[in-house]
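Q: Hi! Could you walk me through this structure while I have it open?

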Amino acid sequence: MIPILQPSDVYKRQVNDNPYFIKTIQYETETPIQWHYVLLFNERTEKVCVVSYYQIGDGYNYLDTLLKSIRF
């Protein structure tokens, strides 16, 4: 699960041997909204996938499942 981050924090991670950068911003509303921005790179094909994903409240975070499903 991705932790709640400060707007200035960007993290580098890896999925399916592909590096990605993720930034998460939390909007403080009655029900908090986390908005995730991801740049997923494939060095072999030199392609990039841009993902914008939001999560409302404490619902299940499908971001890992989504990123693992992307194939280049």
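A: Happy to, and let's settle one term first: a residue is buried under 20% relative accessible area, exposed over 50%, and partly exposed in between. Keep in mind that this is a predicted model.

Q: Good, let's try that on Asn16. What is its relative accessible area?
A: Asn16 has a relative accessible area of 37%. Because that value falls in the in-between range, Asn16 counts as partly exposed.

Q: And where is Asn16 found?
A: Look in the loop between β1 and β2. These two strands make a hairpin with two residues between them.

Q: What about the phi of Asn16?
A: Asn16 has a positive phi of about 50°, although it is not a glycine. As background, most residues other than glycine have a negative phi.

Q: Which way does the phi of Asp17 go, positive or negative?
A: Positive: the phi of Asp17 is near 60°, and Asp17 is a residue other than glycine too. Asp17 also sits in the loop between β1 and β2.

Q: Is Asp17 buried or exposed?
A: Asp17 counts as exposed, because its relative accessibility is 69% and the cut-off for exposed is over 50%.

Q: Let me zoom out. What does the secondary structure come to?
A: The protein has one helix and four strands. Along the sequence they follow the pattern β-β-β-β-α.

Q: What order do the strands have in the sheet?
A: The open sheet of four strands is ordered β1-β2-β3-β4, and the pairing is antiparallel. β1 and β4 (47–56) stand at the edges with a single partner strand each, so one side of each has no neighbour in the sheet. From one strand to the next, the twist averages 25°.

Q: Remind me, what do strands of a sheet pair through?
A: Backbone hydrogen bonds, in either a parallel or an antiparallel arrangement.

Q: How many bridges do β1 and β2 have?
A: Five bridges, in the antiparallel sense. Among the partners, Val15 is matched with Asn18 in β2, and Gln14 is matched with Pro19 in β2.

Q: And how many for β2 and β3?
A: Strand β2 (residues 18–27) pairs with strand β3 (residues 33–42) over eight bridges, again in the antiparallel sense. Gln26 has Gln34 in β3 as its bridge partner, while Ile25 stands opposite Trp35 in β3. β2 and β3 form a hairpin as well, with five residues between them.

Q: Is β2 mostly covered or mostly open?
A: Mostly covered: seven of the 10 residues of β2 are buried. For the protein as a whole, 32% of its 72 residues count as buried.

Q: Different topic: Lys12. Where does it lie, and is it buried or exposed?
A: Lys12 lies in strand β1 (residues 11–15). Lys12 is exposed, because its relative accessible area is 58% and exposed means over 50%.

Q: What does Lys12 touch?
A: Leaving aside residues up to four places away in sequence, Lys12 touches Pro19, Tyr20 and Phe21.

Q: How far is Lys12 from Leu40?
A: Lys12 and Leu40 are 28 residues apart in sequence, and their C-alpha atoms are 9.9 Å apart in space.

Q: What share of the contacts in the protein comes from residues 24 or more positions apart?
A: Such residues account for 28% of the contacts with a separation of 6 or more.

Q: Now the outside. Which residues form a nonpolar patch on the surface?
A: The patch is made of Val10, Phe21, Leu39, Val48 and Val50, with about 430 Å² of accessible area together. Val10 is placed in the segment before β1.

Q: Last one: how much area does the protein expose?
A: About 5100 Å², of which carbon and sulfur atoms supply 53%.

Notes
Residues are numbered from 1 along each chain as its sequence is written. This is a predicted model: local features need pLDDT of at least 70, side-chain atom pairs count only at pLDDT 80 or more; totals for chains, interfaces and linings use all residues. Side-chain values use heavy atoms; hydrogens and water are left out. Buried means under 20% relative accessible area, exposed over 50%, partly exposed in between (1.4 Å probe, protein chains only). Contact means heavy atoms within 4.5 Å. Accessible areas come from the Shrake-Rupley method with a 1.4 Å probe; for residues, only the protein chains shown count as cover. Patches are made of residues with over 30% relative accessible area and no salt bridge: like charges are joined within 9 Å, nonpolar side chains (Val, Leu, Ile, Met, Phe, Trp, Tyr) within 5 Å. A salt bridge is a side-chain nitrogen of Lys or Arg within 4 Å of a carboxyl oxygen of Asp or Glu. Two strands pair if DSSP finds at least two bridges between them. Axes are lines fitted to C-alpha atoms, for helices over the stretch in contact, and angles run from 0 to 180 degrees between N-to-C directions.
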